[in-house]
Amino acid sequence: MFLKIKDGLFISRVPARVTQRIIAQVGEVYPFIKLARNVLQTSLQNGNPVIHPAITLLNTALIERTRGAFLFYEEGVTPAVGRVIKAIDEERIAIGRALDLEIISEPELGLMQGYMLEASYDRGYAEAPGFRGIQAQASLDHWYLHKDAGYSLVFWQSLAEQIGVATPSIAALIRLASVVMGQDYRQQGQRTRSHWGWQNIRLTA
């Protein structure tokens, strides 16, 4: 299935003041692209860490038993799974709010981009035209956990700690992913504020 994104694509670079220069370069391909304030906004606006680890971890047994022989969104997202996705999303939005960044909720962004027909955290994904027919991963050894939890969620939690925002649901998913995969994603610190050299940068909450 081919999906042409309609809206809701953000861009920034380091340093943020030169981001405007690349708009002209990519505007012909992505005419709807929006200028983000900085790379913190583009990082937080990334929806993959909101949805992939939650769906994967709550379908762990099914992935191992069937080697991914089920539809990741259509069969993997139920009301309970949706509540976990919502909890992660709310913490992500709270981090953005503390940094004076407007972060669009994941289902609302799905509507903007054309993936989804309903801005809800369960049926919105399970019945989304843009996610229809997507098979689950054949193994837990997959970037849905390694990258989305081990990199992005770890970075978000590190950032939240720096500015004093509570993220218990994000922390729980990182811990659960670490146990499932037999490695300590937080300890590895692949993407933290220290990794980026931001530990001494003053961020206001």
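User: If buried means under 20% relative accessible area, what share of the 205 residues of the protein counts as buried?

Analyst: In this predicted model, 47% of the 205 residues of the protein count as buried. The accessible surface comes to about 10600 Å², and carbon and sulfur atoms hold 51% of that area.

User: How many helices and strands does the protein have, and what pattern do they follow along the sequence?

Analyst: The protein has eleven helices and two strands, and their order along the sequence is β-α-β-α-α-α-α-α-α-α-α-α-α. Among contacts with a separation of 6 or more, 72% join residues 24 or more positions apart.

User: Why is Asp100 called exposed?

Analyst: The relative accessible area of Asp100 is 58%, and exposed means over 50%, so Asp100 counts as exposed. Asp100 has its place in the loop between H5 and H6, and its C-alpha atom is separated by 9.6 Å from that of Gln41, a residue 59 positions away along the chain.

User: What makes the pair of Arg37 and Asp100 a salt bridge?

Analyst: The N to O distance between the side chains of Arg37 and Asp100 is 3.5 Å, and the limit for a salt bridge is 4 Å, so the pair qualifies as a salt bridge. The two partners belong to distant parts of the chain, 63 residues apart, with Arg37 in the loop between strand E2 (34-35) and helix H2 (39-45) and Asp100 in the loop between helix H5 (79-98) and helix H6 (106-113). The structure holds seven salt bridges.

User: Why is Asp148 called buried, whereas Lys147 is called partly exposed?

Analyst: Asp148 has a relative accessibility of 0%, and buried means under 20%, so Asp148 counts as buried. Lys147 has a relative accessibility of 33%, a value in between the 20% and 50% limits, and therefore Lys147 counts as partly exposed. These two residues form a salt bridge, with their closest N and O atoms 3.0 Å apart. Elsewhere, salt bridges that share partners join Glu118, Arg123 and Glu127 into one network.

User: How do you know that Arg123 forms a salt bridge with Glu118, and why are Arg123 and Glu118 called partly exposed?

Analyst: The closest N and O atoms of Arg123 and Glu118 are 3.6 Å apart, and the limit is 4 Å, so the pair counts as a salt bridge. Arg123 is at 46% relative accessibility and Glu118 at 29%; partly exposed lies in between 20% and 50%, so both residues fall into that class.

User: Which residues have the most contacts inside the largest nonpolar core, and which element gives the most to this core?

Analyst: The largest nonpolar core has 45 residues, and Ile85, Ile95 and Tyr125 are those with the most contacts inside it. Two or more residues come from each of H2, helix H3 (48-57), H5, helix H8 (143-146), helix H9 (148-163) and helix H10 (168-181), and H9 gives the most, with eight residues. Beyond its neighbours within four places in sequence, Tyr125 has contacts that include Ile51, Tyr73, Val77, Ile85 and Phe131. In soluble globular proteins, nonpolar side chains tend to be buried together.

User: At what angle do the axes of H9 and H10 cross, and which residues make the contact?

Analyst: The axes of H9 and H10 cross at roughly 150 degrees and come within 10 Å, in a crossing that is left-handed. On H9 the contact is made by Ala149, Leu153, Val154, Trp156 and Gln157, and on H10 by Ile170, Ala171, Leu173, Ile174 and Ala177.

Terms used:
Residues numbered from 1 in each chain as written. Predicted model: local features only at pLDDT ≥ 70, side-chain atom pairs only at ≥ 80, totals over all residues. Heavy atoms only, no water. Helix = DSSP H or I, 4+ residues; strand = E, 2+ residues; numbered from the N terminus. Buried < 20%, exposed > 50% of the residue type's maximum accessible area, 1.4 Å probe, protein only. Contact = heavy atoms within 4.5 Å. Areas by Shrake-Rupley, 256 points an atom, 1.4 Å probe, with all protein chains shown as cover. Core = buried A, V, L, I, M, F, W, Y, C linked by side-chain atoms within 4.5 Å. Axes fitted to C-alpha atoms, helices over the stretch in contact; angles between N-to-C directions. Left-handed = near helix turned anticlockwise from the far one by under 90°.
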